[in-house]
Amino acid sequence: MMSRIWAGIDSGKGHHHGLALDTEGKTLLSRRVANDEPELLKLIGDVLDLADGREVTWAIDMTGGEPALFLALLVNHGQEVLYIPGRLVNRASDGYRGEGKTDARDAYVIADQARMRRDLRPIRPGDEAAIELKLLTGRRSDLVEDRTRSVNRLRSTLMSMFPALERALDVTNAGPLRLLTGYQTPAAIRRTGVARLTKWLANRKVRNARSLAEKVVEAAERQHTAIPGEKTIAKLVHTLAEEVMALNEQISEMDKLIEGRFREHELADIVLSVPGIGPVLGAEFLAAVGGGLDKFDSPDALAAFAGVAPAPRDSGKVSGNLHRPVTYHRRLQRVFYTSALVSVRCDPNSRKFYDRKRAEGKKHVQAVLALARRRVNVLWALIRDGRRYQVTPPVTTAA
């Protein structure tokens, strides 16, 4: 191996820790630096001075967020940067001498793993659209998680006061949420009655107002007991319902932003032509792969990155034992799995493939995963050839 320096970066919010090793694993530099351009530039310069003409390989445990400025500086200086997932760093740390967790120790592990491993993926700058889509889809994911938490709190709070109403309502829908901003307790709903409640809902543009009103009045007739703290719980239900509605609006606005940016991308029409992939999943796909497939040598490499290609777990006399890979892009796996699940209902080719796998004895999830793996080949071929998906004849091209 030619002489080289390996620099590991343990990233943090306000500071990073940089550590450089030579090819023998000897520490040449170890320093904590502020997440500030002048200090980061000085660290890069000092490492390059130490290299004295030798090649430098940098390794980092994050691909965006806190170390975004550092990564941009490394890319601008033409440096090779490898990505080592935090999970690998944590597992590898157990094999190193010493107790406890420090930034310097983590930086050493990152640099040393980069020195020894040959399976780490380089970080390449994505196109501007892919970077923007990553930011937008990341924000959407945060909002969806916030909504899930709020919905769960709403259900739990409503159950503690009015179990029959909680059972009767699907609080992920707009109509029930609107109802809960005005009426929460059994007594209030009974006093209002079906006719007045129907009018109240209709005035707020709730669909199927009469049916919803009848359902909640029926639930109110099943409970005539007010529990302790009902007034306060009712206020909490009101607040949580408004919170979920506000999050729904934010997610809807984010979806519009994502779709608008996604449709400007040169691959948007090809990606959208694949059954089951809409603007949001398509945006997540482009964000995950960096705007194109240039960094993947084959469909197999893309499938492994997406976690839809099983990895072997053979031991002793046992062979052919496959399992889900440990390291993969979880959001990209969601893109292929979710789109495969949807395509079974809307695409004859996908349905035929799914039915064949079920006939071979595979369970539902296994059949969907097999379809997800096949769709990697399909999407790869479409992007390679610059063509859109056609239902007839079935797409069977594998790159």
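A residue counts as buried when its relative accessible area is under 20%, as exposed when that area is over 50%, and as partly exposed in between. The exercises below concern a predicted model.

**Exercise 1. Decide whether K357 is buried or exposed, and find which residue K357 forms a salt bridge with.**

Step 1. The relative accessible area of K357 is 16%, and because the limit for a buried residue is under 20%, K357 is classed as buried.

Step 2. The salt-bridge partner of K357 is E360, and the closest N and O atoms of this pair are 3.6 Å apart. The rule asks for a side-chain nitrogen of Lys or Arg within 4 Å of a carboxyl oxygen of Asp or Glu, and by this rule the count comes to 19 salt bridges.

**Exercise 2. Describe the salt bridges of D355 and of D385, and state how exposed the partners are.**

Step 1. D355 and R351 meet through their side chains in a salt bridge, with 3.2 Å from N to O. Both belong to helix 15 (residues 348-359), where they are four residues apart, so about one helical turn separates them.

Step 2. D355 has a relative accessible area of 36% and is partly exposed, and R351, with 37%, is partly exposed as well.

Step 3. D385 is joined by a salt bridge to R384, with the closest N and O atoms 2.9 Å apart. D385 is partly exposed at 38% relative accessible area, and R384 is partly exposed at 46%. Elsewhere, R31, K42 and D46 are joined into one network by salt bridges that share partners.

**Exercise 3. Work out how strand 4 (residues 55-60) is covered and which strands pair with strand 4.**

Step 1. Strand 4 is mostly covered, since five of its six residues are buried.

Step 2. Strand 1 (residues 4-10) pairs with strand 4 in the parallel sense over six bridges, and within this pairing I5 has V56 of strand 4 as its bridge partner.

Step 3. Strand 5 (residues 80-83) also pairs with strand 4 in the parallel sense, over four bridges, and here I60 has Y83 of strand 5 as its bridge partner.

Step 4. Together with helix 2 (residues 68-76), strands 4 and 5 make a β-α-β unit, and this unit is right-handed.

**Exercise 4. Locate D52 and N208, each a residue other than glycine with a positive phi, and judge their exposure.**

Step 1. The phi of D52 is near 50°, and D52 lies in the loop between helix 1 (37-51) and strand 4. With 68% relative accessibility, D52 counts as exposed.

Step 2. The phi of N208 is near 55°, and N208 has its place in the loop between helix 8 (186-203) and helix 9. At 63% relative accessibility, N208 also counts as exposed.

**Exercise 5. Characterise the second largest pocket by its volume and by its lining.**

Step 1. The volume of the second largest pocket is about 540 Å³, and its lining is made up of 21 residues, of which N173, A174, G175, P176 and V206 lie nearest the centre.

Step 2. Helix 7 (174-180), helix 9 (209-220) and helix 10 (230-263) each contribute at least two residues to this lining, and helix 7 gives the most, with five residues.

Step 3. Sorted by chemical character, the lining residues of the second largest pocket comprise eight nonpolar, six polar and seven charged.

Technical notes: Residues are numbered from 1 along each chain as its sequence is written. This is a predicted model: local features need pLDDT of at least 70, side-chain atom pairs count only at pLDDT 80 or more; totals for chains, interfaces and linings use all residues. Side-chain values use heavy atoms; hydrogens and water are left out. On a 1 Å grid over the protein atoms alone, a cavity is a set of points where a 1.4 Å probe fits but cannot get out, and a pocket is an open set with protein on both sides within 12 Å along at least five of seven lines; lining residues have an atom within 4 Å of a point. Grid points are joined across faces, edges and corners, and a volume is the space filled by probe spheres set on the points. Ala, Val, Leu, Ile, Met, Phe, Trp, Tyr, Cys and Pro count as nonpolar, Asp, Glu, Lys and Arg as charged, and the others, Gly among them, as polar. Buried means under 20% relative accessible area, exposed over 50%, partly exposed in between (1.4 Å probe, protein chains only). Two strands pair if DSSP finds at least two bridges between them. A crossover is right-handed if, with the strands pointing away from the viewer, the path from the first strand over the helix to the second runs clockwise.
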